[in-house]
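Here is an informal walk through one protein model. Have the sequence and the 3D view open while you read.

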Amino acid sequence: MASVQAAGRPALPSARSRSRRTMLILLFVIGIVAYADRQVIALLKPVLDREFGWSAADYATILSWSQLAIAFSLLASGWVTDRFGVRWTLGAGLAGWSLATVLHAAVSTVSGFLGVRIALGVFEGVGTPATMKAMAQYFAPAARGRMIGLLNAAPNLAAMLTPLLVSALSGYTGWRGTIVIVGSIGLVCTVLWFSQTDATHVPARVDVNAWSGKGAATSRPVVGGTGRRLTAAFALGKFLTDPVWWFLLFWLPDILHRRYGLDTAHLGAPLAVAYAMAALGSIIGGYAPAMLAGNGLSHERARRVVMGLAALCVLPLPLVLWIPTLGWGVLICGLALAAHQTFAVNLFGLLTEWLPHDQVGRGTGIGAFCGNIGGALALHVVGGFVAAGQLLPVLGYCAVAYVLGWGVLILCVPVRSLVALRKRADANAAQ
């Protein structure tokens with residue numbers, strides 16, 4: 001009896017749970033590696049400025065072109081992920097961007113750095129569509145928001161730990177050795193990814209009723225016009241808000257250096273605090289809608305409330321230009337980073353919960369493409385403002401970006417339209 005059951009029936013829930021936990025852990029580690037590879041150049045910027053004589057415009061050019069590479073990669077990677085699956089697509093991307101990180105140590109000119117950053121961007125573009133595809137394909141709707149919140153904390157943990165790692169290594173290995181070590185970690189993770197996902201069986205589809213933990217799905221996918229509006233709102237929301245994240249990721253070390261006189265050796269602790277706050281914001285963003293839902297407030301309405309509150313938390317960001325105390329400056333920047341992550345987690349949660357899982361890769365790719373295009377434009381423009389010593393317009397936009405993104409979401413996909421679609425889908429399923 002037992003052998004027949006093992007051969008003819010799906011894996012037991014405990015086995016499925018273990019396979020999903022393994023997938024989640026690997027995706028979390030890969031998220032840390034990806035953002036460490038991106039961030040290391042920002043942390044080493046003061047050293048590279050002195051060695052190569054970079055100007056603010058040179059740095060902005062390198063960042064903006066790498067963001068454009070990521071953007072167009074995202075647009076293609078969504079389709080590639082839907083076509084070839086998560087394992088091979090993400091594994092190839094991880095190997096490629098890790099090797100590109102190592103190759104930073106072999107170049108010494110602006111054009112050389114530009115080339116390796118573009119290569120890194122092309123391969124890194126795979127990460128977001130593949131991760132969201134995994135969320136939609138292997139996790140029930142009720143769990144996706146929490147899982148995305150946990151995974152979205154990985155970049156923040158990387159942003160917190162990478163400054164400490166770079167500060168510890170750069171004095172012993174130099175900037176080239178530091179970059180090689182960071183990139184090599186990704187190559188090790190590539191081996192782990194292929195070995196573990198090959199041995200880890202994850203069902204091709206999720207039995208939502210069995211795995212939601214509540215006996216039923218929290219939402220049903222939408223298609224047609226509503227699905228297109230949802231993708232468009234997601235894309236526009238990313239376009240408006242992602243530039244704030246990229247600005248703070250790449251320029252926050254420089255701002256702290258200029259504003260408070262911190263050198264590379266002393267940037268680690270303040271940046272670790274700011275990105276620890278961002279990680280907390282990511283986790284809160286994943287759990288808060290479920291905690292607020294109930295007593296007449298639906299899960300989707302709770303999500304919009306959480307996103308609105310996050311938008312308000314970014315409004316004080318321009319005050320960092322006038323606050324003389326490092327601690328308060330870091331607190332304001334950390335609050336903005338936390339709010340961004342809360343907002344972003346719920347944008348991704350909205351998409352993965354309401355789109356059919358076989359469209360999530362493309363939908364994510366389109367939205368992330370728009371976000372990175374916005375980021376590339378912003379990074380290019382920011383270089384001119386920084387060179388002129390005019391950060392107030394940049395921070396002013398950052399302060400209102402999330403209010404604009406929240407308004408777009410309310411206008412394009414109001415809660416009542418999604419709720420009405422769900423009720424009709426539930427009624428049809430019951431017949």
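## Buried, exposed and in between

A residue counts as buried when its relative accessible area is under 20% and as exposed when that area is over 50%, with partly exposed in between. Cys-412 has a relative accessibility of 31%, so this cysteine lands in the partly exposed class. Keep in mind that what you're looking at is a predicted model.

## The overall build

So what is the secondary structure made of? The protein has 16 helices and zero strands. The chain has 431 residues, and 55% of them count as buried.

Take the contacts with a separation of 6 or more: 86% of those are between residues 24 or more positions apart. On the outside, the accessible surface comes to about 17,500 Å², and carbon and sulfur atoms own 68% of that area.

## Cysteines

How many disulfides turn up in a search of the whole structure? The count is zero. Take Cys-398: this residue is in no disulfide, and the nearest cysteine sulfur, which belongs to Cys-333, sits 9.8 Å away. A disulfide would need the two sulfur atoms within 2.5 Å, so a pair 9.8 Å apart doesn't qualify.

Is Cys-398 buried or exposed? Its relative accessible area is just 3%, so Cys-398 is buried. Cys-412, at 31%, is partly exposed instead.

## The cavities

Searching the whole structure for cavities of 30 Å³ or more gives four. The largest cavity holds about 510 Å³ of space. If you want to find this cavity on screen, start from Tyr-35, Thr-128, Asn-152, Pro-155 and Phe-348, which lie nearest its centre among the 29 residues of the lining.

What kind of residues make up that lining? The split is 17 nonpolar, eight polar and four charged. Several helices chip in with at least two residues each, including helix 4 (56–84), helix 7 (127–138), helix 10 (224–260) and helix 14 (357–387). Helix 2, which spans 13–43, provides the largest share of the lining, with six residues.

## Three residues to click on

Start with Thr-190, which belongs to helix 8. With a relative accessible area of 8%, this threonine is under the 20% limit and therefore buried. Which residues does Thr-190 touch, leaving aside its neighbours within four places in sequence? Its contacts are Gly-91, Leu-94 and Ala-95. Helix 8 itself runs over 141–199 and is one of the helices that supply at least two residues to the lining of the largest cavity.

Next up is Leu-75, in helix 4. Its relative accessibility is 40%, between the two limits, so Leu-75 is partly exposed. Neighbours within four places aside, Leu-75 is in contact with Gly-365, Ile-366 and Phe-369. Pro-129 is 54 residues from Leu-75 in sequence, and their C-alpha atoms are 9.1 Å apart. Last comes Gly-327, which you'll find in helix 13. This glycine has 48% relative accessibility, which is not over 50%, so the label is partly exposed. Its C-alpha lies 9.6 Å from that of Val-273, a residue 54 positions away along the chain.

How values were computed
Residues numbered from 1 in each chain as written. Predicted model: local features only at pLDDT ≥ 70, side-chain atom pairs only at ≥ 80, totals over all residues. Heavy atoms only, no water. Buried < 20%, exposed > 50% of the residue type's maximum accessible area, 1.4 Å probe, protein only. 1 Å grid on protein atoms, 1.4 Å probe; cavity = no way out; pocket = protein on both sides within 12 Å on 5 of 7 lines; lining within 4 Å. Points joined across faces, edges and corners; volume = space filled by probe spheres on them. Helix = DSSP H or I, 4+ residues; strand = E, 2+ residues; numbered from the N terminus. Nonpolar A, V, L, I, M, F, W, Y, C, P; charged D, E, K, R; others polar. Contact = heavy atoms within 4.5 Å. Areas by Shrake-Rupley, 256 points an atom, 1.4 Å probe, with all protein chains shown as cover.
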